[in-house]
Structures are given as structure tokens and as C-alpha cells.
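Colleague: I've not looked at this one before. Can you pull it up and walk me through it?

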Amino acid sequence: MSLWEKAMALPLAQESDFYGSHRRPHGVDSQHLRVIKDTALRSRLIMAGMAEGLQSPKGPQKIASIVRLYADFNAPAPVRGARTAARRPNEPSRSAYGLPTVEELNRLLSRITTVERTVSSELQGQINSDISRLKGQIANLEGDEFERTFRELESAVRARREVSGQVREETFKRIEADSAFEPRKYLRLLSREPHSDE
């Protein structure tokens, strides 16, 4: 007995055999809808392109296993993980939660790195220039002017130590101001505080 003859000898699927969301497909010859209990035969029919699985019990379910037969042996190939893929459209995407994609996050981090480098160069250059200027002045000053310039020098040295926090803050401000850069909206997910190794 050929495989096709075995398939055609299977009992016809009745309306009552379909369970839950599974329904009899429209426009399909009822002769091609069969109930099958032999899992090995079911697998052979599907692998041979003679059948497509329409319904199968999982675990202890008491529902019929139903296949659709294809006389031209052109049944669609089974897709691994098809059920998982079928559920995905119903799941909210991560963007629905306001979360960035990997690509968006990479673009944002790349922009932060580039802008930070520019801002750091600007601020450090300005501070270092101020420190050099004040050091040059302090050697020739006395009294109140010396005190005032010395305090300015202390402030400049302290500013140089604290510049990392200023750089991060200024970087965020510049990126937030760039309305053409869409991933800027995800800055809210990032801390503005620079990481300290101390």
C-alpha cells in the first residue's frame, strides 16, 4: 500500500474534530482533511510534501490530530518555531515601552562619545589656558590682587578636576538641542553622572 493510499484511507475530519481556534479551511476538498493518530505516518506524510499539519494535540490534550492532504505533493514545508512567530504580532514591541532598539542605542552612544570628545577638548583647553594665565600673573602680584588671583587659580584647578561632570552635562545639553537627531529621546534612560572608579 503506497503512502498516498494510506493517507486516503485515514478517517475524514468532521467539524467536531476541530478544536479552539482551529477551523476547517475554506475552499478545501473535505476528502483532503483527515484525522490521523499514527504520529510516525503523520511525520512521513509531511516530510514527503503530501500533508500539512492543521491541528495536533500537545501533552495530555484530548483533541484530534488533523492533516490536510495535497494530491500534487506540494504541501508547504513545516516552519520551525511557527507558533512562536505567529504570536509575535500580538506582543507589544519594545518600542511601545519607550525602549530603544540596539541600533538606536548604538547611534546615541556613538554621538555621546563624539560630542564628549569635542566638549572635553573645549573645556579642558579653556581651563588649562586660564591656569597658565593665572600662574603667569601670580608671580608678579602682591596683596589683595595676589589673594584674588590665587583664589581664581584654586578655582581653575578645582574646575579641571570636576570637568568630567561638566563635560557630561554639556554633552547631554547639546544632543538634546539637536532636534534632527531622533535617538536623543533616549537620553532620559541614561544617567548624567560620570562613572567614578574611586
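Modeller: Sure. Keep in mind that this is a predicted model. As for its surface, the protein exposes about 13,900 Å².

Colleague: What share of that do carbon and sulfur atoms supply?

Modeller: They supply 50% of the exposed area.

Colleague: And how much of the protein is buried?

Modeller: Buried residues account for 26% of the 198 residues.

Colleague: OK, secondary structure. How many helices and strands are there?

Modeller: There are five helices and three strands. Reading from the N terminus, the elements go α-β-α-β-β-α-α-α.

Colleague: What do the strands form, and in which order?

Modeller: An open sheet, ordered S1-S3-S2, with antiparallel pairing. Strand S1 (33-35) and strand S2 (51-55) are at the edges, and each has a single partner strand, so one side of each has no neighbour in the sheet. From one strand to the next, the twist averages 35°.

Colleague: Remind me, what holds strands together in a sheet?

Modeller: Strands pair through backbone hydrogen bonds, and they can do so parallel or antiparallel.

Colleague: Back to this sheet, then. How many bridges link S1 and S3?

Modeller: Three bridges, with S1 and S3 paired in the antiparallel sense. S2 and S3 are antiparallel too, over four bridges.

Colleague: Which residue in S3 does Arg34 stand opposite?

Modeller: That's Val67. On the S2 pairing, Gly53 stands opposite Val67 as well.

Colleague: Does a helix pack there? I mean, which strands does helix H2 lie across?

Modeller: Helix H2, residues 39-47, lies across S2 and S3. Its direction is at about 125° to S2.

Colleague: New topic: backbone angles. What is the phi of Phe73?

Modeller: Phi of Phe73 is near 55°, so to speak a positive value in a residue other than glycine.

Colleague: What sign does phi have in most residues other than glycine?

Modeller: In most of them phi is negative.

Colleague: Where does Phe73 lie?

Modeller: In the loop that runs between strand S3 (66-69) and helix H3 (82-87).

Colleague: And why does Phe73 count as partly exposed?

Modeller: Because its relative accessibility is 41%, and partly exposed covers what is between under 20% for buried and over 50% for exposed.

Colleague: Last one, on contacts. Of those between residues at least 6 apart in sequence, what percentage join residues at least 24 apart?

Modeller: That comes to 58% of those contacts in the protein.

Notes:
Residues are numbered from 1 along each chain as its sequence is written. This is a predicted model: local features need pLDDT of at least 70, side-chain atom pairs count only at pLDDT 80 or more; totals for chains, interfaces and linings use all residues. Side-chain values use heavy atoms; hydrogens and water are left out. Helices (H or I, at least four residues) and strands (E, at least two) are DSSP runs, numbered from the N terminus. Buried means under 20% relative accessible area, exposed over 50%, partly exposed in between (1.4 Å probe, protein chains only). Contact means heavy atoms within 4.5 Å. Accessible areas come from the Shrake-Rupley method with a 1.4 Å probe; for residues, only the protein chains shown count as cover. Two strands pair if DSSP finds at least two bridges between them. Axes are lines fitted to C-alpha atoms, for helices over the stretch in contact, and angles run from 0 to 180 degrees between N-to-C directions.
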